[in-house]
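Q: I would like a close look at a single part of this model, with the surroundings brought in where they help to place it. Please take your time over the answer and keep it connected.

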Protein chains: 2
Amino acid sequence: MNTEEVANKVVELTRKQAWHEAVDALYDKDIVSVEASGMGGESPEKRGIDAVHGKADWWIGNMEVHSFKVSGPFVAHDRFVVQYDVDATDKNSKKRFQMSEVGVYTVKNGKIVREEFLPLAGA
Amino acid sequence: MNTEEVANKVVELTRKQAWHEAVDALYDKDIVSVEASGMGGESPEKRGIDAVHGKADWWIGNMEVHSFKVSGPFVAHDRFVVQYDVDATDKNSKKRFQMSEVGVYTVKNGKIVREEFLPLAGA
């Protein structure tokens with residue numbers, strides 16, 4: 001798949017919140033996944049497809065998602081960007097929150113080798 | 001300036017369409033600027049602050065801008081993303097067009113050292 005095909009598949013699968021299916025189909029085994037900040041003192045940078053499956057498990061287990069809007073993709077060369085607008089409740093704290101962020105993805109040989117998540121500033 | 005301060009300044013100045021002021025204030029002299037495709041067979045990648053001023057001159061000289069919406073910034077680490085939604089008429093062809101794209105910017109030592117523009121796919 002070229003970059004745009006990978007990007008369209010990310011949009012299709014994340015709209016269905018099919019996280020594990022997206023990782024299995026589209027991610028390189030040596031994926032580097034970078035959040036804005038690490039949870040609980042962990043590094044914001046995770047490596048390897050198992051770590052990304054672990055993030056998906058954490059999200060699915062801890063969040064009650066009320067709406068999940070996916071916009072894009074924006075595509076050029078080996079890079080694409082997708083915007084996510086989330087309305088969810090943390091099952092532990094019972095706090096409801098809204099969050100907007102973009103994912104910046106890098107594709108190599110038809111697989112996602114890097115993803116970075118950037119939250120809306122000042123939000 | 002840190003990444004978020006640079007990002008906020010880009011949003012402030014591009015909302016005013018103050019292109020040259022943005023380049024002078026925020027860009028590294030060795031900036032690398034990457035478009036989705038090159039114009040007229042040129043490389044999509046330009047280097048140096050003079051080339052970026054040249055792109056701004058071309059835009060200002062060739063476009064009648066009806067509206068220019070700037071969304072974001074999205075910020076993490078040394079990277080930020082801004083979305084641009086443009087409604088403009090090409091002064092040469094007289095054709096009016098709408099375009100959405102994101103800029104993915106990389107900051108080093110308080111200056112923008114790389115920018116990549118990614119158009120909305122399928123648009």
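Which residue takes a positive phi in the hairpin of E3(B) and E4(B), and how many residues lie between the strands?

A: The model is a predicted one, and the values below are computed from it. In the hairpin that E3(B) makes with E4(B), two residues lie between the strands, and B:His77 is the residue with a positive phi, near 55 degrees. The two strands on either side of this turn run antiparallel and are joined by eleven bridges. One of the pairs along them sets B:Phe68 opposite B:Val86 of E4(B).

B:Val86 also leads onward to the next strand, since its bridge partner in E5(B) is B:Met99. Elsewhere along E4(B), B:Gln83 has B:Val102 as its bridge partner in E5(B). Taken as a whole, strand E4 (residues 79-90) and strand E5 (residues 96-108) of chain B pair in the antiparallel sense over eleven bridges. E4(B) and E5(B) likewise form a hairpin, here with five residues between them, and in its turn B:Lys94 has a positive phi of about 65 degrees.

Both hairpins belong to a wider arrangement. In chain B, six strands form an open sheet with mixed pairing, in the order E2-E1-E6-E5-E4-E3. Strand E2 (45-47) and strand E3 (63-76) of chain B have a single partner strand each and stand at the edges, so one side of each is left without a neighbour in the sheet. From one strand to the next, the twist averages 20 degrees. Helix H1 (residues 3-15) of chain B packs on this sheet, where it touches E3, E4, E5 and strand E6 (111-119) of chain B, and its direction makes about 165 degrees with that of E3(B).

The corresponding strands of chain A take part in the contact between the two chains, to which chain A gives 21 residues and chain B gives 21 residues. On the side of chain A that touches chain B, helix H1 (3-15), strand E3 (63-76), strand E4 (79-90), strand E5 (96-108) and strand E6 (111-119) each supply at least two residues. The largest share, five residues, comes from E3(A). By class, this side of chain A has 15 nonpolar, two polar and four charged residues.

As for how the copies are placed, a turn of 180 degrees with a shift of 0.0 Å along the axis lays chain A on chain B with an RMSD of 0.0 Å. The two copies are therefore related as by a two-fold rotation axis. In chain A, the C-alpha nearest this axis is that of A:Val104, which lies 4.1 Å from it. The same surface serves both copies, in that 100% of the contact residues of chain A recur in chain B.

A:Val104 is also among the residues in contact with A:Val81. Leaving aside neighbours within four places in sequence, A:Val81 is in contact with residues of its own chain including A:Gly72, A:Pro73, A:Phe74 and A:Val102, and across the contact with B:Val81, B:Val102, B:Val104 and B:Leu118. The largest nonpolar core has 40 residues, and those that touch the most other members are A:Phe80, A:Val81, A:Leu118, B:Phe80, B:Val81 and B:Leu118. Strand E4, which forms one side of the hairpin asked about, spans residues 79-90 of chain B.

Definitions and conventions. Residues numbered from 1 in each chain as written. Chains lettered and ligands numbered in written order. Predicted model: local features only at pLDDT ≥ 70, side-chain atom pairs only at ≥ 80, totals over all residues. Contact = placed C-beta atoms within 7 Å. Helix = DSSP H or I, 4+ residues; strand = E, 2+ residues; numbered from the N terminus. Nonpolar A, V, L, I, M, F, W, Y, C, P; charged D, E, K, R; others polar. Least-squares fit on C-alpha atoms with pLDDT ≥ 70 in both. Core = buried A, V, L, I, M, F, W, Y, C linked by C-beta atoms within 7 Å. Buried ≥ 20, exposed ≤ 12 C-beta atoms within 10 Å, placed from the backbone. Pairing = 2+ DSSP bridges. Axes fitted to C-alpha atoms, helices over the stretch in contact; angles between N-to-C directions.
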